[in-house]
Amino acid sequence: MKDTDDNSPGAREPSGFIRQMVVRDLASGKHGGRVHTRFPPEPNGFLHIGHAKSICLNFTLAEENGGHCNLRFDDTNPLKESQEFVNAIKDNIRWLGFRWHGEVRYSSSYFDQLYEFARQLISKGKAYVCALSPEQAREYRGTLTGPGTESPWRDRDPNESLDLFERMRAGEFKDGELSLRAKIDMASPNINLRDPILYRIRHASHHQTGSQWCIYPTYDYTHCISDAIESITHSLCTLEFEDHRPLYDWILHNLDIDSLRAASDLRDSDAPFVLPEQTEFAKLRISYTMMGKRFLRALVEQGKVDGWDDPRMPTLAGMRRRGYTPASIRNFCEAVGVARGESLVDIGMLEHAIREDLDRNTPRVMCVLRPLTVILTNFDDNRVERLRLARHPKREELGSREVPLTREIYIEQEDFSDDPPAGFKRLVAGGEVRLRGAYVIRCDEVQRDAAGRPAKLRCSVDFATLGKRPVGRKVKGVIHWVSAAAGKKVTVRLYDRLFLSENPTPKSVEEVFDEINPDSLAQLDGCILEPGTLNEGAGDRFQFERVGYFYRDREAAGPVVFNRTISLRDSWGAGSAR
RNA sequence: UGGGGUGUCGCCAAGUGGUAAGGCACAAGGUUUUGAUCCUUGCAUUCGUUGGUUCGAGUCCAGCCACCCCAGCCA
């Protein structure tokens, strides 16, 4: 992001092991000077901030090196996938601001080719049709410390396997009855090499291919070939696939390289065809957050949250609805970096990224969340004073807005105190405070409700203080306010972290529910917003001065709702959260 | 008792044999009609640990310790 200093002496070396690897590969001409990456989600759920890390990595790596990045749906398991997720994922990636190269890809569109390659492996005696049941296969696989046992079908004649494989495809067998396996090494210390399953029978309809197939290739078999077909150079994935790399390479190296080339996007080009290589990096984990799909799904399905796009969810849809900007998420991913060590990123880094963006780009407006009535006793009853306030304290080019001041206004309940703590610089009985962008007022009288709580303040305005310091005294406090007559009533939703513990690592769905913060959502219905904020063209993102950053929720009809994206930093009264 | 990985400031993270970048957080000052922003300053004699090689080691070697991943016809 900041390597824009092209006139600085000595171009900056890219940092991070993946960027360095690419630079090295480019220098050595390994892939004919190409960088081609891909983001390969399975459409079985919504994307979350962890996926954003991978998206940013793949797309920016290509971008920085004049390469391309494909979007490929890794859709080899029809049981878990759906078109709904395909659409949502495409939408999320576009929202983040990335554009994939060419058409969207699907592993499923390579099914014919994959089938042919499987036949090739069988013919070469590198794969066989096995009749072990899933349970038997597990027993035969052996353990972490002990070798496996070879399948009795392992040395089946290739022609017989070919015939059986064709009949599997034709639908002659039931789910689980037969499978296609690679013939590698049942004694390998790497369990992924103990004759892994390449194809399984699944009489299920697929969101892309319908009922065309009843056998489906596995991830391990599909991924490497799909990468080769798309002439991917750098295949980036997370650490848990490290043990799969030898299998990734085995499959590619046991296929005829010319047949791979002929199936690839490079088939009609002069570019050298080089096999893709897999590189792993650590997944993103964030404190007070949980990314497991299974657990997120449970939250949605059990109604613990409002849906996949609930603003408390770490999904991109949720973060978007919460008010996160694409830039903030991209900056965050850049700040976190990409390494091979498992780490737990402080959620404060995410909060910093969104505040940084919003502080710079968001117009200011006033909104009173919990109103307390104030009567300006020396302000004429039907007078409306139209004040001009800057939309942004540092960016004049953002212009100004008109804010009406009237005799009756609202201020924040917590900006008045009967019993002020040390250092309190807001309003107290007999004390003075500045109304933001307007006058200094003095609280002359406190009217109370039946319970003795302040219900209405009667204050007098010092008319000599508009844009000027009061003479003869210092008034430190500045509070926000809204005209009672002109203000708009809106609903505000305040969000807090969804999980209580810093590192939620549930084992079961029940444990997830135990981790939920009961106060993660507070809805306030009687908030009073500065008029003009709801006008056409005013935008959806604002800083409510002294309160936080808010995003207008357009999902629901009915009353106007603002979601709090993030509070302002608050160095006053660290413990006393609003 | 198998295999594959990782250990640098409270949290991320650069660093690839020449004497510990940066960001977040935190602390202290300054500016301020947002207790915000902004600015300044401070914040690892030390890189899991013990030895070794070297003029010199976070970087090389060996041992030890800790943590993560792998036994789906999931991805």
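A helix here is a DSSP run of H or I at least four residues long, and helices are numbered from the N terminus. With that in hand, welcome to a tour of a predicted model.

**Figure 1. The whole of chain A, before we zoom in.** This predicted model has 14 helices and 25 strands in chain A. The C-alpha trace spans about 100 × 60 × 40 Å along its principal axes. How does the radius of gyration of chain A compare with that of a compact globule of 578 residues? Chain A has 31 Å, while the compact globule would have a value near 25 Å. Of the 578 residues, 51% count as buried. Contacts across long stretches of sequence are plentiful: among the contacts with a separation of 6 or more, 71% join residues 24 or more positions apart. Chain A exposes about 27,000 Å², and carbon and sulfur atoms supply 46% of that area. The chain carries 82 positive and 86 negative charges, whose mean positions are 6 Å apart.

**Figure 2. Helix α8 and its surroundings.** Look for helix α8 at residues 245–254, where the buried residues are Leu-247, Tyr-248, Trp-250, Ile-251, Leu-252 and Asn-254. What covers these residues of α8? The cover includes helices and strands alike, among them α4 (111–123), β5 (179–182), α7 (219–229), β8 (234–238), α9 (257–263) and β9 (277–281). The next two views visit two of these neighbours, α7 and β8.

**Figure 3. Helix α7, mostly covered.** In α7, 10 of the 11 residues are buried. The buried stretch includes Asp-220, Tyr-221, Thr-222 and His-223. Other buried members of the helix are Cys-224, Ile-225, Ser-226, Asp-227, Ala-228 and Ile-229. Follow the backbone just past α7 and you will meet Ser-231, which takes a positive phi of about 50°.

**Figure 4. Strand β8, covered on both faces.** In a regular strand the side chains alternate between the two faces of the sheet. Which residues of β8 lie on each side? His-234, Leu-236 and Thr-238 are on one side, Ser-235 and Cys-237 are on the other, and all are buried. That makes five of five residues buried in β8. The strand also has a partner: five bridges join β8 to β9, and the two run parallel. To find the pairing by eye, start at Cys-237, which stands opposite Glu-280 in β9.

**Figure 5. Glu-240, in the loop between β8 and α8.** Leaving β8 on the way to α8, the chain passes through a loop that holds Glu-240. Is Glu-240 buried or partly exposed? The relative accessible area of Glu-240 is 41%, so this residue counts as partly exposed, since buried means under 20% and exposed means over 50%. For a sense of distance, Glu-240 and Glu-414 are 50 Å apart in space, C-alpha to C-alpha, and 174 residues apart in sequence.

**Figure 6. A mixed sheet of seven strands that includes β12 and β15.** Strands of a sheet pair through backbone hydrogen bonds, either parallel or antiparallel. Here seven strands form an open sheet with mixed pairing, in the order β19-β16-β17-β18-β12-β15-β20. The edge strands are β19 (478–479) and β20 (481–483), each of which pairs on one side only. Further in, β12 (residues 371–376) and β15 (residues 408–412) run antiparallel and are joined by five bridges. One place to see this pairing is Ile-375, whose bridge partner in β15 is Glu-408.

**Figure 7. Another open sheet of seven strands, with β24 and β25 inside.** The order of this mixed sheet is β10-β23-β24-β25-β21-β22-β11. Why is one side of β10 (364–365) and of β11 (367–368) left without a neighbour in the sheet? These strands stand at the edges, so each has a single partner strand. Strand β24 (residues 548–553) is mostly covered, with six of its six residues buried. On one flank, β23 (residues 541–544) pairs with β24 in the antiparallel sense over four bridges, and Gln-543 stands opposite Tyr-549. The hairpin of β23 and β24 has three residues between the strands, and there Arg-546 takes a positive phi near 70°. Six bridges join β24 to β25, again with the strands running antiparallel. Finish at Asn-563 in β25, the bridge partner of Tyr-551 and also of Arg-493. Arg-493 sits in the stretch of β21 (residues 488–495), which pairs with β25 (residues 561–567) in the parallel sense over three bridges.

Key
Residues are numbered from 1 along each chain as its sequence is written. Chains are lettered from A and ligands numbered from 1 in the order in which they are written. This is a predicted model: local features need pLDDT of at least 70, side-chain atom pairs count only at pLDDT 80 or more; totals for chains, interfaces and linings use all residues. Side-chain values use heavy atoms; hydrogens and water are left out. The radius of gyration is taken over C-alpha atoms; the globule rule is 2.2 Å times the number of residues to the power 0.38. Buried means under 20% relative accessible area, exposed over 50%, partly exposed in between (1.4 Å probe, protein chains only). Contact means heavy atoms within 4.5 Å. Accessible areas come from the Shrake-Rupley method with a 1.4 Å probe; for residues, only the protein chains shown count as cover. Lys and Arg count as positive and Asp and Glu as negative; His and the chain ends are not counted. The place of a charge is taken as NZ of Lys, CZ of Arg, CG of Asp or CD of Glu. Two strands pair if DSSP finds at least two bridges between them.
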